Structure formats: C-alpha cells, structure tokens
Amino acid sequence: MKWTGLNELRESYLAFFEGKEHLRLQSAPLIPKDDNSILLINAGMTPLKKYFQGLEEPPQRRAASCQKCIRTPDIENVGFTSRHGTYFEMLGNFSFGDYFKKEACAWAWEYFTKVLEIPEELLWVSVFEEDDEAAEIWTKEVGVKPKRIVKFGKADNFWEHGSGPCGPCSEIYFDRGAAHGCKEAGCKVGCDCDRYIEVWNLVFTQFDSDGKGNYTPLASKNIDTGMGLERLACVMQGVDNLFEVDTMRNIMQKVCEITAKTYKTNPKEDVSIRIITDHIRSTVFMIGDGVLPSNEGRGYVLRRLLRRAARHGRLLGYEKPFLYEVCDTVIDENLSAYPELSEKRGYIKNTIKTEEESFAKTVEKGLELLEQAIKAASGTIDGETVFKLHDTFGFPVDLTREILSENNLTFSEAKFNELMQIQKDTARANQAFKGGWDDGQFSLDNEQLTVEFVGYDTLQITTKILAIVNDFVILEKSPFYAESGGQVGDTGRINETDVINTIKAPTGQMLCQCADTNSFSVGQEVTAEVDANRRSAIIRNHTAAHLLQEALKRVLGDHVQQAGSYVDDERCRFDFTHGQALSPDLIESIEELVNIPVLQNYTVEINEMSIDEARKIGAIALFGEKYGDTVRVVKAGDSVELCGGCHVKNTAEVSLFKIISESSIASGVRRIEAVTGLGVLELLSSKQNEINEAAEKIKQLNSAHSKEIARLNSEIAKMQAQNSEIEEVGEKDGVKLLVMKLSGANADALRQTGDKLKSEKADFVAVLAGESNFYCICDKSAVAKGINAGNIVREIAAVTGGRGGGRPDSAMAGIGDASKVDEALAKLKTIM
C-alpha cells in the first residue's frame, strides 16, 4: 500500500464503482431536501432514503457517492480528543434491489486489496453471528481466511432503527499493529483500543421489522455501505487521527500561521487549534450549502460552531476576526470535488466575517459578566446569568456550558429553560391573532364547520352564513382569500356590509371580518363579493414574488432561500438569505430577469399533484412548511413553486416590476420591496412630481442666481472701470476715439461700462475689449455724423477672426484669437 491523498482516495473510490456500473451521485447539500426529521445530513445514505423506502424510483439500480455530513452530538469532545470531528465525508456504494451480499463483499475486498493494495494480513472481517451466508461468502467466494473472520451479536452487527427495513452487517477492520494496541493478552478485533479500527461497514438490508422482534424477509433486498473518507485517509497515510490527514493538516497550518502558534508544542493550545480547524471546515461547507447563522435550527448549529471557534482564537491570544481568512485554504483543499465552492468563496468569507464581527461586539462584556459569575459561584451559576449571556451577548448556551465546565461549574438549566420558554411564549403572544375571541370560543362543534374556498375561480357568489363570532362571519362557500402564505386577506362586501379583512381561525376556517354584523343571521343567504381591483393588485404582486425568487437564485446563487414574504395591493415584499447588500448593477439585473417573463406573456400554470410529482419537477418548497399528500404547484415562466395563494393567469398581467428598496433585516437576511402594475405608474408619477418640484426649485434658484450674477457683474464692471484706464487713440471730426481693455468682463459688464461712459462723456466712439467680446458704443453726436458702431465692431473683430454687429449706437462682436486683441483695438484709428 502506498501513501494516497484524501482527494485522490475519493476519486479512486468513485471511479472504481463507476467501473462496476454504478451511477456516480453528486453529494447532496447539507440541508436535507423534503426531510424535516433532521437539521443536517448526517449519514451517506440519508439523501437516498426515498429510494430505499420506495417513495421514489432511483435514477439507477446501482449508485455510489461521497456525501458531505455534519454531526454535532459530540461537539464538546471535538478538539479535546483527536478522534472527534463535526464534518466528515462518507463514501458509499448502494444497490436498490439489484446486487446483494456476494457482490458487495467481493467488490469491497477487491478495492482494498487490489486497488489500494492493502495487505490482506492487515484486514479483518466481522459478521453477524447468525449470518452464515455472509461468512461463507467471505471465506469460500472472496477467499478471506476463516481465522480472519469474527462474529459479533446484534448490538454490533445488525442494523435497525425501530420498525421498517433492517438487516445484518459486515465490517472490515484494519490492523494498525501491536504498537497501537492495549498490550492486553486478549486484545483482538472489537477491543476498545486503537489497534483495530473499523473502516468499512456493509449493511445487508434483507428484513422488514415490526419493531417487536419479528422479521419478515424483504422481496427486494438492498445494499447500503458506508466508509468514512477521513478514516480511510488515516489508514492510507499512516497517521493517527483525522487532524493529521493531508487536507486537514494544511488547514491547521493556516490556523497556526495566522495565530503564530505551533502545533504539538502546548497541549492546551493544541485543543484550540484542533477546534478551530474542525469548525472552520464545517462552517465553510454549511454556508456554501445555504445555512446562515441564526438562533434556531441549523442556523444555531452554525452560529455555535463559529462562535466556539472564535472564542478559541481568543484563547490563543488572537482577538481580531480571522476565521474568514482560513476559508481560502478550506476551499482550495476541496475544490477538486466541490468546484462550486470557488463561485461562493466571497459569499462564504463575508458571511463568516460578519458573524465574527457581530460576536466581537459583545463577547468582551459577556466574558466579563461570566467571569464575575464564576468568581462568585460555589459550584453552580444561576440560570438568569446564562440566559442573559444568551439573550443579550449572543453566547450559545453550549459555549457557556463549555466555559463553566472548564471551571468545574454547572448552571441551573431548569431556570434557564424556564426563561427561554417565557421568551418564546411572549414572542408567540405578540404574533398571535388578536381578533376578539379566545380559543374557548372555538369548540369541537366549530371545528366541524367546513368552508369551501371558491375564490380561485370566482370573486362573487351567493352563499349561506354558517356562523357569526363577534364581528366575524363564516360562510358556507367563500370567495374571500384568508391571509396566509404571505398573501393578505381579501376585502369586499357581504350584501351591503363591508368586509374589511379575511383571516383564518385557529381551527382553520376562513373568517370574514365585517364592519357590522347586526344585519346578519346564521343560515341567511347572502351575496359575497371580493373587491376585484384590490385582488388584481394583490395577485400581480404575488406572482411577481415568485418571479423575483427565481431571479434571485439565478443572479446570486442557489444559496438564496425564502426567509419570508408579504404581498398586498400596494407592494411585494420578499425576504431572502444572502450576506451582502446588492449593488445597483445586481438590482438592475434582477429587475430585468423579472420583467423578461412579464413581457414574454407566459401562461401561469396551476396544477394539483402529489408531493412526489412536485419534487420531481423541481418545485420550490418553503423549508419547514408541512405539506399534505396533494400540493398545488404554480409555474410562471421558469419559476415553479408550491403555493396555495392567488395568481395572475398570465405573466403579462403583472405589467411591470420595479424594485423600490433593498435592505438588511437580520444577519444574513436581506429584504426587497417592489411594486408592479399601477404601482409602477404611481411610482413614476411620484418620481416625476419630485423631479418637477426639484426643477421648479432649481428654476427659482437660477433666477435668483441670475439676478445676483447681474449685480456682481455691475460691481465688477464698476471696479474694472475704476481700475482700468481708458485710452484716447485719436480724434476725427471732433469725435474722440477711445479704447479700453477689461480683462474677465463678460458681455453684461461691457454693456454696463458702456452705459457709464455714455453718462460721463460726450462726442466719442469707444471700443471695449472684454473676456470674449468687443463692445462698441457711439454717443449721439457721433451717430449724427454717420459713425456706425455695428460697422466698426465688425471690422475690429475680424482682425481676431471674430464676427458680430449691431445698432449704430452700440454693437457687440466675438473675439476669435485673444492674442490679437491689441492689434484689433489699434485698427480703430484706421477705419474711422
């Protein structure tokens, strides 16, 4: 056997089974699809349960995969031992009613001894003590020596979980040698020491258990094998634990480089280094698959890992955010198998950095509070302090528990849980419906009231009143949509009475909230009519929300998950998972991708089908939402979602879509608000009004500025006239010829200076040169003698290449070449 890298082992295994006609399956995301029984994928066969259970037809009867997995039950041991980790990859080959024990055993042995060239004398095999069939296959067909076969009981070699498919299993062990053993005389396979390690588990699913000890043979038998990739790498690299495997060692080296620490020089620091190394690997893959830090569910698992790692960075003396810097190494070490990490590199790093910075803002005060509590404690910390650390300072309770454990302390978990429950109850009460009744008003009799919703197809109907509760009316058939799924409730009229809202009762009925119920009685026949214009606006926004989610996934990536929505007649609001603000260019791209299907006039297809059929066509389901066996699927363009709400019949009815705001509402969650249809026209009208108002203000400012400019020009002209000397260059027929240069003077300043000359002098012709103009003025006596200012300024300006003219008493012309102004003024004597 030769040293083989982890990435090479993964490829070797998958390629081997492809050669045995297995379909190579890509690892499923860590977020389980259509499986609310677990938070995160924790075993190689978990994404394949639907095939083993017969819920879906597998793409092929033989398959092999390398599945990403997260397990955190032993998180408190991670780092303190070198065996435990939270992230691992599980190799597995599977048969869905195809091959069975003979092939599974033979191929496992072939892969180990022929492909990896592990010496047979280092391998041992265990079988279930009653499974003689497997024992014979190993010895008589595969060729394993009988002395290397060991038999164990049900606890070790029989796989079952309650009722359902189950069966015996066979495990292959690797002998690491006596140096790793316990030195006891009876040391053998199954011993708790480190000599014999289980590497590969082959499960033979051949029975159906009733959970009471009765087993019925399955008509179709399956194979489910599992082998930890990291454990196999330990064997092939001759190392003691997963932290010494090549890819993990490179991540650890990056941690040591940043923190300026050396592994295996300080046992206490080694614990922190291992914790950081393990947790950053887990968090990179979790975020890459769409998990975001939060205080609940899988988001809490992620936050717990990140903040535990950040705290151990501080224990190493490194207080700045740094985990995000390790991301590049984690990604680079795994790119060969998971190239999608490269596309998400920036997003993953930003998400981790944001969480680090958030924790850094409160960790110091939190640690200070905890240290004070530890000093004052005598064995137990009160639950109130632990709750405050969790609620105010963002300390996951497991992190607090770990810190207390390091100080040989515990805390009052009962009190902590009580305070957590009060907080949850308060939040629930704040969100609860306040509609004028309590739960007692809806007895079992009320629960039997069945309301038929007909509002998908009609907005007006004659129906009957089934019940009246305060200001709420329950109809036998109702066209009014009750608020749910993010869509607001309908309004309208029942007879002549306004319906101001429609909601769902705790027992499921649609309730029409009326302005007055005094004119109604149970059993009365009434006409119910939805406000059609308002409904039209609502459904435009609802369909737009579906198109928006599809556009977000295409522009930002598949990590985008719906985190909430609200659509009414005014706007569409959509919350989604993403760690960064959207640039104007991204917003423009998203708008375009929404408007394209709107303009392409797609029919909105709405069909009911089984949940399995919906999954097969890729319908998006809201995670955590419970769906029945039959679901309603809405397809609008490329958008396919499970939805019970109301929609347009054609995407063109959306008319136009415009984003009006994009903002952050929580860590890793963004919100877009948008308008459609008439809302866009109202937005444009509003913007046009703003532009008109701004234009009017600018016009007024310009007018004021113009007056001020004229005043200042007049002052400038006066000052320049005072500071500039007018030169008399000659005289003709008793008329003085005058020239003056006024640098920087504009046309108005020249005119004002000319007017001043007229008021002060007589019998003259004057030519004034400003910044870009000549100005000629002739007094009355000069004009009477036939002198024409227009002719004079035209000839003078021509010297510079300028042009102009005007009246006999005053005229203006432009200056062409400013370097010829003096030459031009001198010509006044020659043209008179």
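**Exercise 1. Which residue's side chain does the side chain of histidine 22 join in a polar contact of 2.7 Å?**

Solution, step by step. Keep in mind that this is a predicted model.

- Start by placing the residue: histidine 22 sits in the loop between α1 (6–18) and β1 (23–25).
- Next, check its exposure. Histidine 22 counts as buried because its relative accessibility is 5%, and the cut-off for buried is under 20%.
- Now list its partners. Beyond the neighbours within four places in sequence, histidine 22 is in contact with Phe17, Gln60, Arg62, Ala63, Ala64, Asn93, Phe94, Tyr99 and Trp107.
- Then pick out the polar contact: the partner is tyrosine 99, whose side chain meets that of histidine 22 at 2.7 Å.
- One more thing to spot: the histidine 22 side chain also reaches the backbone oxygen of lysine 20, at 3.1 Å.

**Exercise 2. Work out the surroundings of glutamate 673, and find which side chain its own side chain makes a polar contact with.**

Solution, step by step.

- Go to strand β26 (residues 669–676), where glutamate 673 lies.
- Is this residue buried or exposed? Its relative accessible area is 17%, and buried means under 20%, so glutamate 673 is buried.
- Skip the neighbours within four places in sequence and look at what remains: glutamate 673 is in contact with Arg571, Cys572, Arg573, Ile659, Ile660 and Ser661.
- From that list, arginine 571 is the answer: its side chain and that of glutamate 673 make a polar contact of 2.5 Å.
- For a sense of how the chain folds back, take tyrosine 566. Its C-alpha is 9.4 Å from that of glutamate 673, with the two positions 107 residues apart in sequence.

**Exercise 3. Do the same for serine 663: find its strand, its exposure and its contacts.**

Solution, step by step.

- Serine 663 belongs to strand β25 (residues 657–666).
- Its relative accessible area is 31%, so serine 663 is partly exposed.
- Leaving out residues within four places in sequence, serine 663 touches Val669, Arg670 and Arg671.
- There's a distant-in-sequence pairing here as well: glutamine 580 is 83 residues away along the chain, and the two C-alpha atoms are separated by 9.5 Å.

**Exercise 4. Which residues touch the most other members of the largest nonpolar core, and which element gives this core its largest share?**

Solution, step by step.

- The core has 115 residues, and Tyr111, Phe112, Trp138, Trp200, Leu232 and Ile352 touch the most other members.
- The largest share comes from α12, with 10 residues.
- Zoom in on isoleucine 352. Not counting residues up to four places away in sequence, it touches Ile280, Thr283, Val284, Ile287, Leu306, Leu323, Tyr324 and Cys327.
- Apart from this core lies another, of 27 residues, including Ile539, Leu582, Ala636 and Ile659.
- Finish with threonine 351, which is in helix α12. Threonine 351 is buried, with a relative accessible area of 5%, and outside its neighbours within four places in sequence it contacts Ile287, Leu292, Pro293 and Gly579.

**Exercise 5. How many cavities of 30 Å³ or more are there, and which element gives the most to the lining of the largest cavity?**

Solution, step by step.

- The count comes to three cavities of 30 Å³ or more.
- The largest cavity holds about 80 Å³ of space.
- Its lining is made up of Ala310, Arg314, Tyr318, Glu319, Lys320, Pro321, Phe322, Glu356, Phe359, Ala360 and Val363.
- Two or more of these lining residues come from each of α9 (297–315) and α12 (345–376).
- The element that gives the most is α12, with four residues.
- Sort the lining by type and you get seven nonpolar, no polar and four charged residues.

**Exercise 6. Compare the settings of alanine 260 and asparagine 470, each with a positive phi.**

Solution, step by step.

- Alanine 260 has a phi of about 60°, positive although it is not a glycine. For asparagine 470, phi is near 55°.
- Each is in a loop: alanine 260 between α7 (246–259) and α8 (267–288), asparagine 470 between β13 (460–469) and β14 (472–475).
- Exposure comes last. Alanine 260 is exposed, with a relative accessible area of 68%, while asparagine 470 counts as partly exposed at 43% relative accessibility.

Notes. Residues numbered from 1 in each chain as written. Predicted model: local features only at pLDDT ≥ 70, side-chain atom pairs only at ≥ 80, totals over all residues. Heavy atoms only, no water. Buried < 20%, exposed > 50% of the residue type's maximum accessible area, 1.4 Å probe, protein only. Contact = heavy atoms within 4.5 Å. Polar contact = N/O pair within 3.5 Å; in protein donor to acceptor, adjacent residues only side chain to side chain. 1 Å grid on protein atoms, 1.4 Å probe; cavity = no way out; pocket = protein on both sides within 12 Å on 5 of 7 lines; lining within 4 Å. Points joined across faces, edges and corners; volume = space filled by probe spheres on them. Nonpolar A, V, L, I, M, F, W, Y, C, P; charged D, E, K, R; others polar. Core = buried A, V, L, I, M, F, W, Y, C linked by side-chain atoms within 4.5 Å.
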